[in-house]
Structure formats: structure tokens, C-alpha cells
Amino acid sequence: MNTKLLLKTILLIAILLLLVIMGMNNRQTVDLSMPPLLPKVQRFPAAIMYFGFFALGFLSGTLITAGGKGSRGSAKSKPEK
């Protein structure tokens, strides 16, 4: 088993656990104001905002790390004889 993949999975599960804890304990409504992007103040439960910001950050990180030079094991490489 790949140790690096196992550690990444454990870290992701721990972060998701923190999101569940925040969602269970932060039920009050909070205001989000972003005048250039949103004309009106948005009111949502804090847990929804935590999840939304986490999702945007996770998606951004995935898009930044994905792609690039191409796959390492490409089909163009010749098999050894």
C-alpha cells in the first residue's frame, strides 16, 4: 500500500471531521458581505459557509496541482526488452 496516499486520506478524513464538528456546533446565522461580487448581504448558517469555503479551497488546490507536465507513465514510452 502506498504510504503517501494513506497519509493524505487520513488527513482529508480529519479535515472533514472538523467540518462536521463545526456544522454541529455553529448553527447561528452569519452575514457575508462582498460588495463587488454580491450586491446584497448574504445570510446563511455558519456551517454552510465553512463548508462552502472549504469546498472552494479544496477545488482550487486540486486544480492547481492537477495537470501540468502530463502523466509520468505515458503510452509513448517503449517497453523494455
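In this predicted model, helix α2 gives the most to the lining of the second largest pocket, contributing five residues. The largest pocket, by contrast, takes the most from helix α1, which supplies six residues to its lining. The points below take the two pockets in turn and then turn to helix α1 itself.

**Second largest pocket**
- The volume of the second largest pocket is about 170 Å³, and its lining is made up of L32, M34, L38, Q42, F44, I48, M49, G52, F53 and L56.
- Two or more residues of this lining come from each of the elements β2 (42-45) and α2.
- Sorted by class, the lining of the second largest pocket holds eight nonpolar and two polar residues, with no charged residue among them.

**Largest pocket**
- The largest pocket encloses about 210 Å³ of space, and the residues that line it are L5, K8, T9, L11, L12, I15, F58 and T65.
- The elements that give two or more residues to this lining are α1 and α2, the latter running over residues 46-65.
- Five nonpolar residues, two polar residues and one charged residue make up the lining of the largest pocket.

**Helix α1**
- Helix α1 covers residues 3-25, a run of 23 residues, and its span from first C-alpha to last is 33 Å, close to the 33 Å expected at 1.5 Å a residue.
- At the N-terminal end of α1, N2 acts as a cap, with a side-chain oxygen placed 3.2 Å from the backbone nitrogen of K4.
- In general, an α-helix has 3.6 residues a turn, so residues three or four places apart point the same way.

Conventions. Residues numbered from 1 in each chain as written. Predicted model: local features only at pLDDT ≥ 70, side-chain atom pairs only at ≥ 80, totals over all residues. Heavy atoms only, no water. Helix = DSSP H or I, 4+ residues; strand = E, 2+ residues; numbered from the N terminus. Expected span 1.5 Å × (residues − 1). Polar contact = N/O pair within 3.5 Å; in protein donor to acceptor, adjacent residues only side chain to side chain. 1 Å grid on protein atoms, 1.4 Å probe; cavity = no way out; pocket = protein on both sides within 12 Å on 5 of 7 lines; lining within 4 Å. Points joined across faces, edges and corners; volume = space filled by probe spheres on them. Nonpolar A, V, L, I, M, F, W, Y, C, P; charged D, E, K, R; others polar.
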